[in-house]
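Trainee: Could you walk me through how these labels get decided? I'd like to see the reasoning behind each one.

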Amino acid sequence: MDARLVLTAGQRCSVLQARRCLPRVRRCLIHKSLRRYATQDTLGRIPKASRKQITVANDDGRINWKELSVTEKAARTTQQTFNLGVILTGLVMTGGCAYFLYKEVFSTDSKTVQFNRAVDRIRSDSRVKEALGSGHKIRAFGEPTWNRWARARPIASNTYKDTNGTEHFMMHFNVEGSSRRGVVNLHTFKGPGADWQYKYLALDVKGQPRIYLENTDATPEKKHSSFNFLGMQWRK
């Protein structure tokens, strides 16, 4: 026999063992290759299935626009449109509140400014102090109410414009001193481009004659000089 084909018993045993181990080696190599591929895929990119679906409620803007689906883009657009509407509504409401505050408190045409000017005149007049009592500071307030702790009492007023374009403002409110109470009535007017002037400013105290602080209808005994201050015409 050919010497190359003759195998010893030990060699035949080694060949049989190698054949038996070959399937195990193949399985190990395949398993290692699969693990290496999975690790590279995980480090290289984030699979799409690993993140939640973007909705209007949970979108925080961290996902790039290009990575969103059509449905997710629609959800983000809806959310941003809603947020923009909320911001615009807030701006409009803020502007409206600022305009209302200016017209009602700071404008020379506001009821609050007219009330404060009249109260200052009432408190500084010596005849009023004598009629109401000067022991305590004179209080001014709106319509009477049953609640003695109420501070925001309404003040009755009326504004209108006559046929000549002259604006008229009328108001009455209550005052109280240390001894008596009274009612203040005022009427101011202004023409186009002019300042507010008093037609009359009077105090009525029960049992006493009316006290006029301003009265343009009365015939003056002498000509009074006037001056303009804080948007009102005052007479000396």
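Mentor: Sure. Start with a cut-off: a residue is called buried if its relative accessible area is under 20%. This is a predicted model, and in it both Phe115 and Phe173 are buried.

Trainee: What makes Phe115 and Phe173 an aromatic pair that is edge-to-face?

Mentor: Two values. Their rings sit 4.8 Å centre to centre, and the limit for a pair is 6.5 Å. The planes are 70 degrees apart, and over 60 counts as edge-to-face, so that label fits. By this rule the count comes to one aromatic pair.

Trainee: Why is the pair said to tie parts together?

Mentor: Phe115 belongs to helix α3 and Phe173 to strand β3, so the pair links parts 58 residues apart in sequence.

Trainee: Why does Glu214 count as buried?

Mentor: Its relative accessibility is 4%, and the cut-off is under 20%, so Glu214 is buried. You'll find Glu214 in strand β6.

Trainee: How do you know that the side chains of Glu214 and Arg121 make a polar contact?

Mentor: They come to 3.1 Å, and the limit is 3.5 Å, so the distance passes. Arg121 is one of the buried residues of α3.

Trainee: Which residues have the most contacts inside the largest nonpolar core?

Mentor: Phe173, Val175, Leu186 and Leu203, in a core of 21 residues. Strand β5 gives the largest share, five residues. Nonpolar side chains tend to be buried together in soluble globular proteins.

Key: Residues numbered from 1 in each chain as written. Predicted model: local features only at pLDDT ≥ 70, side-chain atom pairs only at ≥ 80, totals over all residues. Heavy atoms only, no water. Phe/Tyr/Trp six-rings, centres within 6.5 Å; stacked < 30°, edge-to-face > 60°. Helix = DSSP H or I, 4+ residues; strand = E, 2+ residues; numbered from the N terminus. Buried < 20%, exposed > 50% of the residue type's maximum accessible area, 1.4 Å probe, protein only. Polar contact = N/O pair within 3.5 Å; in protein donor to acceptor, adjacent residues only side chain to side chain. Core = buried A, V, L, I, M, F, W, Y, C linked by side-chain atoms within 4.5 Å.
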